[in-house]
Amino acid sequence: MRKNFGAKPYTYPQPVFIIATYNDDGTADAMNAAWGGIHDSTEIYMCLSAGHRTTKNILARGAFTISMADAEHVAACDYVGIVSGANEPQKMKKAGFTTEKSSFVDAPVIVELPMALECRLIRYNEATGELVGEIVNVSADERVLDDQGKIDPSLLRPITFDPVNNAYLVLGEKVGNAFSDGAALK
């Protein structure tokens, strides 16, 4: 038997994106967003309301980065989601985040978060909040790479948002092999 919940934004996993931009004065800002995902092979989609400072920064500069929130920085990642940079000018400092300029787009990369997508704005729909960006580069700190130079989820320890229980869950346990395990059923 199933329980019906009605129309809810309940999907698993919901990645926890930390979106970083530059403010008008050149200082870095970041926000937490969980409603997004891959839109095409080199595009990312998010739902961001027009009222966010981050949205205004993206529209002004045409660029942003998305870092994968990780278990090590869960409190800081949550903090940038519950505090507005419009109200707290020291938001990044209080979160413990430092940044460096992306080599690919006009946006900051958060040094403490080991994986980032560096993106250019493709389009934004103010009425729906739909934002689509082109992924120009993916960068990862060597500390989360395996011995073959690939990103290792067990080292990255990305978190996902649980919308049912308002919780963050860490990802990382391998349970199968993509494009392979299903072949046994052919």
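Two strands are taken as paired if DSSP finds at least two bridges between them. In the predicted model described here, β4 and strand β5 (residues 43-47) meet this criterion, pairing in the antiparallel sense over four bridges. Within this pair, isoleucine 38 stands opposite isoleucine 44 of β5. The connection between β4 and β5 is a hairpin that passes through two residues.

Both strands belong to an open sheet of seven strands, in which the order is β3-β2-β6-β9-β10-β5-β4 and the pairing is antiparallel. The edges of this sheet are formed by β3 (28-33) and β4 (36-40), each of which pairs on one side only. From one strand to the next, the twist averages 35°. Elsewhere in the sheet, strand β6 (residues 63-68) is joined to strand β9 (residues 115-125) by five bridges, again in the antiparallel sense. Alanine 63 has arginine 120 of β9 as its bridge partner.

Two helices pack on this sheet. Helix α1 (residues 53-61) touches β2 (17-22), β3, β6, β9 and β10 (130-140). The direction of helix α1 makes about 55° with that of β2. Helix α2 (residues 74-82) also packs on the sheet, where its contacts are with β2 and β3. Relative to the direction of β3, that of helix α2 lies at about 95°. Strand β3 is thus an edge strand of the sheet that is touched by helix α1 and by helix α2.

The elements just described recur in the largest pocket of the model, which encloses about 370 Å³ of space. Its lining comprises 22 residues, and those nearest the pocket centre are Met31, Asn32, Ala33, His52 and Gly81. Two or more lining residues are given by each of β3, α1 and α2. Of these elements, β3 provides the largest share of the lining, with five residues.

A further open sheet contains three strands, arranged antiparallel in the order β1-β11-β12. Strands β1 (14-15) and β12 (167-170) are located at the edges; each has a single partner strand, so one side of each is left without a neighbour in the sheet. Strand β11 (residues 159-162) runs antiparallel to β12, and four bridges join the two. One of the residue pairings between them places aspartate 162 opposite its bridge partner alanine 167 in β12.

Aromatic contacts were also examined, and two aromatic pairs were counted. In one, the ring centres of phenylalanine 5 and tyrosine 10 are 6.0 Å apart and the planes meet at 65°; because planes over 60 degrees apart count as edge-to-face, the pair is assigned to that class. Both residues of this pair are partly exposed, with relative accessibility of 46% for phenylalanine 5 and a relative accessible area of 32% for tyrosine 10. The other pair consists of phenylalanine 161 and tyrosine 168, whose ring centres are separated by 6.3 Å and whose planes are at 55°, so the arrangement is tilted. Tyrosine 168 has a relative accessibility of 29% and is therefore classed as partly exposed.

Terms used: Residues numbered from 1 in each chain as written. Predicted model: local features only at pLDDT ≥ 70, side-chain atom pairs only at ≥ 80, totals over all residues. Heavy atoms only, no water. Axes fitted to C-alpha atoms, helices over the stretch in contact; angles between N-to-C directions. Contact = heavy atoms within 4.5 Å. Phe/Tyr/Trp six-rings, centres within 6.5 Å; stacked < 30°, edge-to-face > 60°. Buried < 20%, exposed > 50% of the residue type's maximum accessible area, 1.4 Å probe, protein only. 1 Å grid on protein atoms, 1.4 Å probe; cavity = no way out; pocket = protein on both sides within 12 Å on 5 of 7 lines; lining within 4 Å. Points joined across faces, edges and corners; volume = space filled by probe spheres on them.
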